[in-house]
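User: Please examine one strand of this model closely. I should like to know what lies on either side of the strand and how its side chains are placed.

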Amino acid sequence: MIYPKIPLAQSIIQICLAKGITTIIISPGSRNAPLTIGFVNNPAFQCYSIADERCAAFFALGIAQQTKQPVALVCTSGSALLNYYPAFAEAFYSQIPLIVISADRPQSKIDIGDGQTIRQEDVFANHSLYNANLNEAVSKENDYKINQAIDIALNKKGPVHINAPFEEPLYETVSELSIDIMVNAFANLNPMPAIEDLSEFVKIWNNSTRKMILVGVNEPDEISDKTLNFLAEDESVLVMTETTSNLHHPSFINNIDTIITPFTNDDFETFRPEILVTFGGMIVSKRIKAFLRKYKPQHHWHIDTLRAYDTFGALTKHFNVNPNSFFEAFLPLTKGIKSDYFSKMDAVNKLRKEKHEIYLSKIPFSDFVVFEKVIKSLPKNSHLQISNSSAIRYAQLIDIDPSIEVYCNRGTSGIDGSTSTAIGAAVANEKQTIFITGDIGFLYDSNALWNQYIPKNFKIILINNGGGGIFRILPGHEETPVFNTFFETSHCLTAEHLSKMYGFDYSIASNEASLAKGLNALYSHNEKPNILEIFTPTLQNDSILLQYFKELV
């Protein structure tokens, strides 16, 4: 076996191995050579080389998102480390375990004018669950910090940072280890607490006629069918989900914006919940957030083993347990109460669905038509990744097959790494992975395609409307040079040459006939990763979407 000669590098590598951290994403560099040599030369590690650190971090995020296990990132010193920050912040807010291991110059080289040198210690302090600033010499203190970082990443579901200073020479190797590492037994830092006495909350529940369950980003198959059916059959309970909730039942409301956008003040008062119960991650819908912030529930209970955000300014209780465990303990204690809460919303939902179909049948080819056709075309049991901005918001308006898993980087809701995340997810799971993205998000993360590990059956559906279409539906839109350049970012770029350069099959669509043909070809060709680029009319998309909400009543 080949090992780096530097003892500190040996310690990091051996502790990672002992703690089961075996997926390593490496960005080429010199200062991190001791780590690279050690990881790559040990067959126990699965190592990936991704040159662009920002893409590397989102690629790692996609893998960790799917495996639920920490993924390690390794980079050289200097600004390379800072390129991890967007994905690091996303991991923090999405509760995904990442371990950043940065090579550094020795402290004596910091701030004296040495090259590729910045203040790396605690650089992620605002979003890091733990910062292990190591010393050059091997020590029990170093070993403790490395152990602690790994345990926290796994237990607390988030990112940690290990900063390791190395002095030259960096490339020397040895055939035997020169260190004895200290490996702590896996420390469960987040033990599952016993469910508290629920009698007070059961009493509130049993006397409330309007209960809303609102689910944000959620893992597939996380909530039992028994719980779903129980909630669905209670006439005083209204369950509202999003595309990213991965929660399905015929009686659940899964198109929130379609339902509530046309509401009057009287409607909002009618559907103001007495109890709001939330679980899962971030909520996409701005309208439901505005609704519940203005028409606050008397009680807001959030269920999560780690955090409870007061999103609506009404949080009254954080149940620090797994949602499934909570409902299994709580629901058998409840009793039914006569209510028309669900039936009233169900009537609204049925009307909206009728109006939705009528509207879709009469509008011209546009973003809305494309999303409807694309989402309906997705293969059953496939894995869907969606980029942020317009893409995830359009997806919220359209029913999706319950067999399809849906993911989106909603922790920070940025467009910066959606493609890289989708590729990482495709590498980590065995399902057919399809990525739906807009043109600005795709172009922003185009280095994601500079990746030799992309599965042959990976599909990108790129909706190109010539700019940041979401800005056209936000307040302040005017057809002016300032808007077109500095908000929408108008362009005439396509993915054609990028596809050729990176070895993707490429096809285009610009009307319903070519879209149907393109989707059929996309799903049937698996010899290479594939991009279907769909061109939609820039100037019509916003008015078609805004008119949609007016025709739902």
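Analyst: Ile-463 of strand 17 stands opposite Ile-534 in strand 19. The model is predicted, with local features needing pLDDT of at least 70 and side-chain atom pairs pLDDT 80 or more, whereas totals for chains, interfaces and linings use all residues. Residues are numbered from 1 along each chain as its sequence is written, and side-chain values use heavy atoms, without hydrogens and water.

Strand 17 covers residues 459-464 and runs parallel to strand 19 (residues 530-535), to which six bridges join it; two strands pair if DSSP finds at least two bridges between them. Strands (E, at least two residues) and helices (H or I, at least four) are DSSP runs numbered from the N terminus.

Strand 17 is also joined by five bridges to strand 16 (residues 433-438), again in parallel. In this pairing, Phe-435 is the residue opposite Ile-460. Helix 16 (residues 439-444) completes a right-handed β-α-β unit with strand 16 and strand 17: with the strands pointing away from the viewer, the path from the first strand over the helix to the second runs clockwise.

As for the side chains, those in a regular strand alternate between the two faces of the sheet. Lys-459, Ile-461 and Ile-463 point one way from strand 17, while Ile-460, Leu-462 and Asn-464 point the other way. Both sets are buried, that is, under 20% relative accessible area with a 1.4 Å probe, protein chains only. Strand 17 is accordingly mostly covered, with six of its six residues buried.

Technical notes: Buried < 20%, exposed > 50% of the residue type's maximum accessible area, 1.4 Å probe, protein only.
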